[in-house]
Amino acid sequence: MNYRFRIISVVALALLTSCSEKSDSSDEPTPESNEIVRTVAVVAPIGDAATKTRLERTAKWFAENFREAQQGDTLTVRLKLEWYDELKEDLDALSRKLADRDDVTAIVGPFGNENMARFAPACQKTHKPLIAPTTTSENILRRYAVSTAGKDEEVNKGAFFWPLCESDVALAETMLTHYVTWMGKISQMGELSCAVFSPTDNYGQTF
């Protein structure tokens, strides 16, 4: 997994989300600094010290480049990242805590499909911006998309869920396309069949 690409993408999206909202009084820049600080929570599969160091190094690299890009601006934005390990945290409790915090502008992660399925409902209730770096389950993507009709219309009246990956349907279509092409090349061998093995979770149910 290319963590550098993921972190850069999600932090950039978090920044765009934060800048589009009206600042609270606590976020107003001081005349001396002209800087707005936004808190973004990152829920990632940190696991070990090496992974944590790599993620933090990538985030620092982005922050330095972003700060340079704002040189000369009359108003700048600085992101304050809070790190949480999705492999160790109680995701149900953590999701409720972060979703209710007014000082958290956006949440990045969790990365796992099953973990995102547990995490998203709390953010849905408060419309807390939730950026999904690696969620691909069609069930999850459809469940938290903006609803235009039905019983969940009030709950999903505003966008809060921002996935960065295509769904597993795209993968399934690619697999079938390659299979059809392969079948055409060896059709002289007679009738062939294929099978798809997938886990019985939010990821596998797409297939």
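A salt bridge is a side-chain nitrogen of Lys or Arg within 4 Å of a carboxyl oxygen of Asp or Glu. With this definition in hand, the reader may turn to the structure above, which is a predicted model. A search of the whole structure finds six such salt bridges.

One of them joins the side chains of Lys-52 and Glu-56, with a distance of 2.5 Å from N to O. Both residues belong to helix H2, which spans residues 49-69, and being four residues apart they are separated by about one helical turn. Lys-52 is partly exposed, at 35% relative accessibility, and Glu-56 is likewise classed as partly exposed, with a relative accessible area of 30%.

Helix H5, formed by residues 138-143, offers another example: Glu-138 and Arg-142 lie four residues apart in it, about one turn of the helix. Their salt bridge brings the closest N and O atoms to 2.6 Å. Here Glu-138 is buried, with a relative accessible area of 14%, whereas Arg-142 is exposed at 63%. Elsewhere, salt bridges that share partners join Glu-82, Arg-101 and Asp-103 into one network.

Within this network, the side chains of Arg-101 and Glu-82 meet at 2.9 Å, N to O. Arg-101 is found in the loop between H3 and E3, while Glu-82 is in strand E2, so this pair ties together parts that are 19 residues apart in sequence. Glu-82 has a relative accessibility of 17% and counts as buried, because the limit for that class is under 20%.

The loop that holds Arg-101 leads back to helix H3. In this helix, residues 91-100, the buried residues are Leu-91, Leu-94, Ser-95, Leu-98 and Ala-99. Viewed down the axis of H3, these buried residues fall within an arc of 125°, so they line one face of the helix. What covers them includes strands E1 (35-44), E2 (76-85) and E3 (104-108), together with helix H4 (113-126). At the N-terminal end of H3, Asp-90 acts as a cap: one of its side-chain oxygens lies 3.2 Å from the backbone nitrogen of Asp-92.

Finally, attention may pass to the surface. Leu-171, Met-175 and Val-196 make a nonpolar surface patch of about 250 Å². Of these residues, Leu-171 has its place in helix H6, which covers residues 168-185. Leu-171 is partly exposed, with a relative accessible area of 39%; this satisfies one condition for membership, because patches are made of residues with over 30% relative accessible area.

Definitions and conventions. Residues are numbered from 1 along each chain as its sequence is written. This is a predicted model: local features need pLDDT of at least 70, side-chain atom pairs count only at pLDDT 80 or more; totals for chains, interfaces and linings use all residues. Side-chain values use heavy atoms; hydrogens and water are left out. Buried means under 20% relative accessible area, exposed over 50%, partly exposed in between (1.4 Å probe, protein chains only). Helices (H or I, at least four residues) and strands (E, at least two) are DSSP runs, numbered from the N terminus. The arc is that of the directions from the helix axis to the C-beta atoms. Contact means heavy atoms within 4.5 Å. A polar contact is a pair of N or O atoms within 3.5 Å; within protein, one must be able to donate a hydrogen and the other to accept it, and residues adjacent in sequence count only if both atoms are side-chain atoms. Patches are made of residues with over 30% relative accessible area and no salt bridge: like charges are joined within 9 Å, nonpolar side chains (Val, Leu, Ile, Met, Phe, Trp, Tyr) within 5 Å. Accessible areas come from the Shrake-Rupley method with a 1.4 Å probe; for residues, only the protein chains shown count as cover.
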